Amino acid sequence: MESRKLQVDEEGILLVDKPAGISSFGVVARVRRKLSEQAGMIEVKGKDGVVRQKRKKVKVGHTGTLDPFATGLLILLVGKATKRANEFLKKDKEYVATIRLGYTSSTGDPEGEITECEVREVPTMEEVERAVYSFVGKIEQRVPNFSAVKINGQRAYKLAREGKEVEMPVREVMIYEIEILRYEWPELEIRCKVSSGTYIRTLGEDIGKALGVGGYLTVLRRTKIDKYDVEDAMKIEV
């Protein structure tokens with residue numbers, strides 16, 4: 001965490017630009033520790049009647065996670081504001097993602113087992129545009145095996161790591177817009193604005209399937225959540 005003081009706004013909201021290589025829960029733990037340090041010490045009387053100095057505890061919660069490999073905007077709530085978490089869960093989001101075409105990943109991202117696909121012909125820009133823009137609008141997505149969704153009371157990613165095969169639910173999501181930022185085979189970089197609950201990993205895989213060459217995300221960055229922008233967020237160190 002940077003040495004400068006963390007500034008929580010009057011509503012108890014703190015914007016953080018999550019780096020790659022750390023979980024969202026790891027970010028929450030670091031912020032909680034830093035805010036507790038800033039809050040200072042308080043006196044607490046123990047059961048034995050002795051008054052001791054104790055670091056003040058500060059409640060911190062997140063409003064939606066990012067995968068460890070992903071970067072970008074996390075909205076953290078501090079103190080009494082943690083009760084408002086549900087208000088932020090259904091907000092629309094914006095991402096920038098890089099898809100590596102011609103390969104697949106068991107997890108849809110760099111952390112999985114990577115497999116090279118047979119590509120007979122490299123897709124043209126016109127074909128890429130046609131495939132990408134076909135996903136704009138209301139679509140159905142199958143929730144990825146490596147996700148935090150609970151299946152029969154257990155996290156899907158835990159079942160996947162144990163090699164158990166389960167039927168993942170299909171959800172209806174909205175892709176408001178997709179912009180192609182760069183296409184240089186095998187990399188395709190896109191910006192997309194989507195509804196809450198949209199899996200960009202799945203979107204990347206589905207674009208690869210639509211092109212017939214496979215694909216997985218190598219980079220994912222969340223840039224906006226509703227009116228909140230990552231440009232206004234505080235950076236932290238890994």
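Buried means under 20% relative accessible area, exposed over 50%, and partly exposed in between, with a 1.4 Å probe and protein chains only. The model is predicted, so local features need pLDDT of at least 70 and side-chain atom pairs count only at pLDDT 80 or more, whereas totals for chains, interfaces and linings use all residues. Residues are numbered from 1 along each chain as its sequence is written, and side-chain values use heavy atoms, with hydrogens and water left out.

**Exercise 1.** Determine which residue forms a salt bridge with Lys91, and state whether Lys91 is buried, partly exposed or exposed.

*Solution.*
Step 1. A salt bridge is a side-chain nitrogen of Lys or Arg within 4 Å of a carboxyl oxygen of Asp or Glu.
Step 2. The partner of Lys91 is Asp226, with the closest N and O atoms 3.9 Å apart.
Step 3. Asp226 lies in the loop between strand 14 (215–225) and strand 15 (228–229), and Lys91 in the loop between helix 2 (85–89) and strand 6, so the pair ties together parts 135 residues apart in sequence. Helices (H or I, at least four residues) and strands (E, at least two) are DSSP runs, numbered from the N terminus.
Step 4. Lys91 has 27% relative accessibility and is therefore partly exposed; Asp226, at 40%, is also partly exposed.

**Exercise 2.** Describe the surroundings of Lys93, and identify the nearest side chain of opposite charge.

*Solution.*
Step 1. Lys93 belongs to strand 6 (residues 93–101).
Step 2. Lys93 is buried but has no salt bridge; Asp92, the nearest side chain of opposite charge, is 7.3 Å away. For charge, Lys and Arg count as positive and Asp and Glu as negative, while His and the chain ends are not counted.
Step 3. A polar atom of the Lys93 side chain lies 3.0 Å from the backbone oxygen of Lys91.
Step 4. Beyond its neighbours within four places in sequence, Lys93 is in contact (heavy atoms within 4.5 Å) with residues including Phe88, Cys192, Val194 and Arg222.

**Exercise 3.** Establish which parts of the chain the salt bridge between Arg191 and Glu94 ties together.

*Solution.*
Step 1. The closest N and O atoms of Arg191 and Glu94 are 3.5 Å apart.
Step 2. Arg191 lies in strand 13 (residues 187–194) and Glu94 in strand 6, so the pair ties together parts 97 residues apart in sequence.
Step 3. Arg191 is buried, with a relative accessible area of 17%, and Glu94 is buried at 13%.

Definitions and conventions. A polar contact is a pair of N or O atoms within 3.5 Å; within protein, one must be able to donate a hydrogen and the other to accept it, and residues adjacent in sequence count only if both atoms are side-chain atoms.
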